[in-house]
Protein chains: 2
Amino acid sequence: MKVLLNGGVAKRGMELLSERFGDRLSLRQMSDGTAPEDPIRDLAWAQVMISVNYDADFAPAPNLKLLQIPASGLDAIDLASVPLQAAVCNVYEHEIAIAEYTFNGMLEWVVGLARRNAAFKGGDWTGTPSLAGQTRGELAGMTVGCLGYGNIGRAVARRALAFDMKVIALTQNPRPLDPEPNFMGGYGDLGDMLCEVDFLVICCPLTETTRGMIGGPELAQMKDSAVVINVARGHIADEDDLFGALSKGVIGGAVLDTWYQYPSPDNLAIRPSRHPYHDLDNVLMTPHISGWSEGQQLRRWAKTGDNIEALMTGRDLINLIRPAQP
Amino acid sequence: MKVLLNGGVAKRGMELLSERFGDRLSLRQMSDGTAPEDPIRDLAWAQVMISVNYDADFAPAPNLKLLQIPASGLDAIDLASVPLQAAVCNVYEHEIAIAEYTFNGMLEWVVGLARRNAAFKGGDWTGTPSLAGQTRGELAGMTVGCLGYGNIGRAVARRALAFDMKVIALTQNPRPLDPEPNFMGGYGDLGDMLCEVDFLVICCPLTETTRGMIGGPELAQMKDSAVVINVARGHIADEDDLFGALSKGVIGGAVLDTWYQYPSPDNLAIRPSRHPYHDLDNVLMTPHISGWSEGQQLRRWAKTGDNIEALMTGRDLINLIRPAQP
């Protein structure tokens with residue numbers, strides 16, 4: 001089986017797939033296009049392509065049987081451009097890492113261990129109880145709202161319930177899901193949720209329905225202490241309105257991992273938004289690393305290998321987004 | 001009932017008890033001793049004393065019926081000095097706050113959200129997946145050891161199990177306790193535990209048994225990646241040996257909230273140890289704030305009020321450390 005790997009994950013994937021399959025696979029890293037004929041030759045060769053992006057600029061791929069996305073997001077895949085005879089699959093496996101990141105954010109917001117570490121290393125005892133220091137809040141008793149209740153939302157909820165938090169979950173298709181939140185609703189219940197939550201965790205896919213779903217009117221409905229946590233895609237929260245709400249104190253703060261602008265190898269200096277989110281003290285921000293754990297990588301490449309194995313042996317593919325057309 | 005309040009918590013306690021009891025209590029804050037006769041008069045007057053410390057220097061308290069410690073630790077109480085006719089009680093209610101702090105520490109260690117926020121605000125995309133950034137670990141699958149399995153250890157364990165961590169619990173008197181850890185043992189199992197854990201959470205009382213329990217030989221048994229979290233009392237971990245192990249990389253790091261030296265109003269510049277823990281990059285340190293939440297204070301003063309009410313109405317005291325001698 002001929003497997004073509006594209007993008008930043010290619011090197012790791014080649015190592016792990018090579019270790020598992022040995023001679024049973026021919027692995028090739030997609031050419032960088034310096035010589036324009038190289039990617040054309042690569043795509044003509046490939047039976048499996050592993051890539052987070054695919055569009056109409058890609059050369060014909062007459063032998064392609066499987067486009068395996070080595071991530072969950074489909075927003076860089078133009079399905080209409082993928083040859084009809086190829087199946088399209090994705091992988092998840094990031095929910096543990098993202099739930100842990102989300103709790104790091106909520107706990108840093110409420111407990112502030114890292115912030116207080118910096119002050120205390122400087123010699124500042126402020127806040128110590130024996131000098132009648134100010135108390136802080138507790139996650140216990142607070143409400144977390146999950147906008148989206150797939151793998152990520154449910155991983156957050158399971159931990160939140162153990163922290164004695166109240167969980168409100170909204171999903172496009174409300175139905176019994178484990179764990180059972182304190183309230184389950186559809187996207188039409190967004191307004192009711194927004195005025196209740198202490199933390200809004202955005203963890204739904206970016207689609208035409210969810211793009212800009214959290215804008216000025218929605219942010220205005222939230223408590224002025226509420227915190228927006230975006231671990232999904234930047235554009236689900238409106239870039240301008242979120243910056244405005246944060247800089248004017250309409251909401252309490254944000255923990256943002258997903259962005260509006262991303263770097264490329266030749267533009268590492270780009271900021272993640274056209275607004276200076278990095279100047280806001282009430283924002284904790286990271287470069288899209290929430291789901292990026294070693295465990296996630298090992299699980300994703302294991303599932304990717306399982307799909308290659310399934311293709312080789314005629315078994316069913318997992319996480320099938322679009323079947324191959326006969 | 002005449003209630004005397006001592007120390008930094010007195011102001012808050014007077015507010016909350018006054019709100020609950022109104023005229024049913026006479027509340028007085030302990031004099032500062034500028035006039036030596038004042039504390040003598042205070043103690044002669046008191047029927048209830050609320051104080052985290054009590055020793056032989058305290059004046060006679062012939063009317064004292066209850067010494068209520070507004071905290072859990074007994075290490076500043078010399079029981080032999082408390083008049084025999086007085087009962088001694090403490091309060092807990094800090095376990096939620098301490099468990100949240102502990103997870104803030106473990107998550108900051110593994111995920112590093114606050115650390116990465118600082119770098120990213122400076123424009124650094126290092127670690128972003130699209131540039132093949134380095135992965136991180138996950139709490140899921142790691143092992144947390146609770147040295148002590150009282151209210152705090154069990155609050156940590158309940159959250160750790162929801163995070164898919166393995167829990168080892170040691171307690172002086174092993175018995176079935178909720179939640180059930182993956183392994184429960186006595187202090188004699190310390191060596192076996194130390195070589196297993198990724199995080200050692202010290203959450204037992206400071207007693208003659210536990211003083212210095214984590215010293216050089218114990219630290220040497222731990223993984224070189226392991227992290228010591230001390231939310232109990234500084235001296236359970238040996239001050240010199242812990243500093244040595246951290247500065248020489250014998251263990252991976254520490255999250256330290258409890259210390260060897262504390263400030264007083266006239267010495268706010270004191271460092272928390274005679275060693276420069278504050279110079280170590282592998283230490284996150286805070287000024288004894290792990291349990292210091294608003295919820296803890298409200299719950300503690302509610303329990304303290306319940307004990308005063310019990311004394312007034314002849315009901316049983318809760319959290320009785322030593323009964324009154326007839």
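Colleague: Where is A:Ser293 found in chain A?

Modeller: In this predicted model, A:Ser293 sits in the loop between β12 (283-285) and α9 (294-313) of chain A.

Colleague: Is A:Ser293 buried or exposed?

Modeller: A:Ser293 is buried, since its relative accessible area is 0%.

Colleague: Which backbone nitrogen lies 3.0 Å from a polar atom of its side chain, that of A:Ser293?

Modeller: That is the backbone nitrogen of A:Gln296.

Colleague: And what is A:Ser293 in contact with, leaving aside neighbours within four places in sequence?

Modeller: On its own chain, A:Ser293 is in contact with A:Ala97 and A:Arg299. From chain B, the contacts are B:Thr135, B:Arg136, B:Gly137 and B:Glu138.

Colleague: Turning to the two copies, how can chain A be laid on chain B?

Modeller: A turn of 180° with a shift of 0.0 Å along the axis lays chain A on chain B with an RMSD of 0.0 Å. The two copies are therefore related as by a two-fold rotation axis.

Colleague: Why can one say that the copies meet through the same surface?

Modeller: Because 100% of the interface residues of chain A are also interface residues in chain B.

Colleague: Which residues have the most contacts inside the largest nonpolar core?

Modeller: They are A:Phe103 and B:Phe103, in a core of 64 residues. Not counting residues up to four places away in sequence, B:Phe103 touches A:Leu107 and A:Phe163 from chain A. Its partners in chain B include B:Leu139, B:Val156, B:Phe163 and B:Met165.

Colleague: What about A:Glu108: which helix does it lie in, and is it buried or exposed?

Modeller: A:Glu108 lies in helix α3 (residues 95-110) of chain A. A:Glu108 is buried, with a relative accessible area of 7%. Beyond its neighbours within four places in sequence, A:Glu108 is in contact with residues of both chains, among them A:Leu284, B:Asn104 and B:Ala114.

Colleague: How many Å separate the C-alpha atoms of A:Glu108 and A:Asn230?

Modeller: The separation is 15 Å, for residues 122 apart along the chain.

Colleague: A:Asn230 belongs to β10(A), I see. Which residues are buried on each side of that strand?

Modeller: A:Val227 and A:Ile229 are buried on one side, and A:Val228 and A:Asn230 on the other. Both faces of β10 (residues 227-230) are thereby covered.

Colleague: Which strands does β10(A) pair with?

Modeller: Strand β9 (residues 199-202) pairs with β10(A) in the parallel sense over four bridges, and A:Phe199 has A:Val227 as its bridge partner. Four bridges also join β10(A) to β11 (residues 253-256), again running parallel; there, A:Asn230 has A:Leu256 as its bridge partner. From β10(A) the chain crosses through helix α8 (residues 239-247) to β11(A), in a right-handed β-α-β crossover.

Technical notes
Residues numbered from 1 in each chain as written. Chains lettered and ligands numbered in written order. Predicted model: local features only at pLDDT ≥ 70, side-chain atom pairs only at ≥ 80, totals over all residues. Heavy atoms only, no water. Buried < 20%, exposed > 50% of the residue type's maximum accessible area, 1.4 Å probe, protein only. Helix = DSSP H or I, 4+ residues; strand = E, 2+ residues; numbered from the N terminus. Pairing = 2+ DSSP bridges. Right-handed = clockwise from strand over helix to strand, strands pointing away. Least-squares fit on C-alpha atoms with pLDDT ≥ 70 in both. Contact = heavy atoms within 4.5 Å. Core = buried A, V, L, I, M, F, W, Y, C linked by side-chain atoms within 4.5 Å. Polar contact = N/O pair within 3.5 Å; in protein donor to acceptor, adjacent residues only side chain to side chain.
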